[in-house]
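User: I should like to learn how to read the features of a structural model, one at a time. Please give the general idea and then the case at hand.

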Amino acid sequence: MNGLIMAAQLLLALTILVGLHEFGHFLFARIFKIRVNKFYIFFDFLFPLPNVLNFSLWKKKVGDTEYGLGWFPLGGYVDIAGMVDETKDASQLSAEPQPWEFRSKPAWQRLFVMLGGIIVNVILGMMIYTGVKYVWGDTDYAKEELNKAGIFAYPVAEKIGLQTGDKIIKINGSDYKYFSDITAAIVKENTTFTIEREGKTFDVYVPNELIDDVAKKKMFITPLFEFDILNVMKGSPAEESGLRAGDKVISLNGEPVKYYQLFTPKLRTYAGKKVELGILRDGTELTIQPTVSADSTIGFTMNPLLKVTKSEFTFGEAVVEGSKEALSIIPQQINGFSRIFKGHISPQNALTGPVGLAQMFSPHWDWEKFWILTGMLSMALAFMNALPIPALDGGHVVMLIYEMIAGKAPSEKFMERTQQVGTFILLALMLYVLFNDTVKLF
C-alpha cells in the first residue's frame, strides 16, 4: 500500500508538471497564431515510435486542436503544425509552408514557442515554493540548539573523522545558522567543518567524493537528541509492559540511556529477549520489562526533545524566499552534472528514474512534502529540457539560435536526423535509469 501511495503522488506530480510544460508551448504557439494539432497528457503511442499502438484513453477536439489523455504514462506532447518533433518527420512537411505553421514564423517567435515549456516550469516552481513558504513556513534546528548535544555521526561521517557528540561551529571558516546549512554544504565541493570536541577545536575536511556515499542514500549526520514517548502502539510489547505517552526512557538493562540514536542500536542487540527499561514518569523513576520483538522494536513512536525553529512568512516574504529557493535548484543541478564529469559521483548513484523518484515521496499522503518535491521536479524538468540535446527543447533552441546568427535555418532533413539521434539518446538514458532503478530496488 505504501508503494502505491508513493507511486500515486509521483504520477500526480508528473501529470501536473508535464501538462503545464506542454501548455507553455501551446500558449506561445497560440500567441503567435500557430496551429496546434494535438495537446496530450501522456503519449497516445508507444514512445518513441509514433506509429505504433496509436490510441488514447480520452480525446476531444475543440477548434483545430485535439485534446487527449494518452495510454503511455511517460511525458506528454503538443503536436505543433509545421514542426519536426517526436510525432512527425520531414516527409510530412513536404508541402508548401502555410502561414499558420511553425516553420513559417520568424525565428524569434519560434524561439519563444520552444522556450515556453521551460518558462512555465520555472514560474511554476517559484509559485509552488512560494505557496509552501506561505502555508507551512520553514522548520529547522538552530545552530545553538544543535550544539547543545552535538551531532550523531553515522559510519560515512566517522570515515572522514567526525564523531558522535562533535559540535560543528563553522562551515568553511564562516558562521552558520541552521542544521540545513550543514547538509547543504556536504554536497558542495571543498567543504571544511570546524569542529569542537572535548574542548579542542580543529578542522575536518569533507572529501569531494563523499557525495557518492550520500547519493547512495547513506545517512551522514543527524542532530543528537534526547527523547520521550510520543505514543504507544496498541497490542505492542511497550503497551503490555505499561509504557505510556510522556514517559522518558533513562536506562536499558541498568545502562544509562540519554539519546535516541544511541538507544536504538543497543535495543537491536536484544531482539527476541526481555529487557529492563528505566523510565521517568512525572518525576518518578519506574522500571518496566518489555520483550523486544524480532524486528528489534518494542512498539512506540518517539518524540525528539530538540527545539525546532519555525519561521513564518508574509506573502511578500514568501515570494522572495520561495523564488530564491526554487532558483537555487538550477545551480544545484549544474553542480551535480559537473560532479559526475569530475568523477566525484558515479552516474549510477546520481541518476534516478521513476522508481527512485517515487521513493522520494512520503509513504503516507503528506501535502507539504508532495508540493516541495513537485516544485523541485518542476525546476529539474526545466533544467533537463534546457540541455542542448536534440529532441529536447534545448536542442531546438540551439538550432534556432544558429538560424538567427547564420541567417538561414538547417534543412528539415537535418532537423529530422538530429531529432532521431536525440530520441535515441533519450531512449538509451531512459533504459539506463530504469535498469539502474531495478538494480537498486533488488
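User: What is the relative accessibility of L53, and how is L53 classed by it?

Analyst: A word on the basis comes first. This is a predicted model, in which local features need pLDDT of at least 70 and side-chain atom pairs count only at pLDDT 80 or more, while totals for chains, interfaces and linings use all residues. Residues are numbered from 1 along each chain as its sequence is written, and side-chain values use heavy atoms, with hydrogens and water left out. Relative accessible area is computed with a 1.4 Å probe on protein chains only: under 20% is buried, over 50% exposed, and in between partly exposed. L53 has a relative accessibility of 47%, so L53 is partly exposed.

User: What is the sign of phi at L53, and where does L53 lie?

Analyst: Most residues other than glycine have a negative phi. L53, not a glycine, has a positive phi of about 55°. L53 is placed in the loop between β1 (36-43) and β2 (56-62); helices (H or I, at least four residues) and strands (E, at least two) are DSSP runs numbered from the N terminus. N190 also has a positive phi, near 55°, and is a residue other than glycine. The loop that holds N190 runs between α5 (179-186) and β8 (191-197). With a relative accessible area of 48%, N190 is partly exposed.

User: How many helices and strands does the protein have, and what span does the C-alpha trace cover?

Analyst: The secondary structure comprises 14 helices and 17 strands. Along its principal axes the C-alpha trace spans about 90 × 50 × 45 Å. Of the 442 residues, 42% are buried.

User: What span is expected of helix α1, and what span does the model give?

Analyst: The expected span is 1.5 Å times one less than the number of residues. Helix α1 (residues 2-31) has 30 residues and should span 44 Å, and the 43 Å between its end C-alpha atoms agrees. K33, which follows α1, has a positive phi near 60°. The 14 residues of α13 reach 20 Å from first to last C-alpha, close to the 20 Å expected. Just after α13, G407 takes a positive phi of about 85°.

User: How many aromatic pairs are there, and what is the geometry of the pair W108 and F112?

Analyst: A pair of aromatic rings is described by the distance of the centres and the angle of the planes. Rings of Phe, Tyr and Trp (its six-membered ring) pair if their centres lie within 6.5 Å; planes under 30 degrees apart are stacked, over 60 edge-to-face, and the rest tilted. The count comes to 27 aromatic pairs. The ring centres of W108 and F112 are 6.3 Å apart and the planes stand at 90°, so this pair is edge-to-face.

User: Why are W108 and F112 separated by about one helical turn?

Analyst: An α-helix has 3.6 residues a turn, so residues three or four places apart point the same way. W108 and F112 are separated by about one helical turn because they are four residues apart in helix α2 (residues 107-136). W108 is partly exposed at 44% relative accessibility, and F112 is partly exposed at 36%. Another edge-to-face pair is F152 with Y154, at 4.8 Å centre to centre and 90° between the planes. F152 is buried at 12%, whereas Y154 is partly exposed at 22%. Ring pairs also link F225, F227, Y260, F263 and F300 into a cluster.

User: Which charged residue lies over the face of W100?

Analyst: A charge sits over a ring if NZ of Lys or CZ of Arg is within 6 Å of the ring centre and within 35 degrees of the ring normal. R35 lies over the face of W100, 3.8 Å from the ring centre. The charged end of R110 sits over the ring of F102, at 6.0 Å from its centre.

User: Which residues line the largest cavity?

Analyst: Rolling a probe the size of a water molecule over the atoms shows where empty space is left. The lining of the largest cavity consists of P390, A391, G395, H396, M399, M415, T418 and Q419. The elements giving two or more residues to this lining are α13 (393-406) and α14 (412-441). In α13, the buried residues include G395, H396 and M399.

Key:
On a 1 Å grid over the protein atoms alone, a cavity is a set of points where a 1.4 Å probe fits but cannot get out, and a pocket is an open set with protein on both sides within 12 Å along at least five of seven lines; lining residues have an atom within 4 Å of a point.
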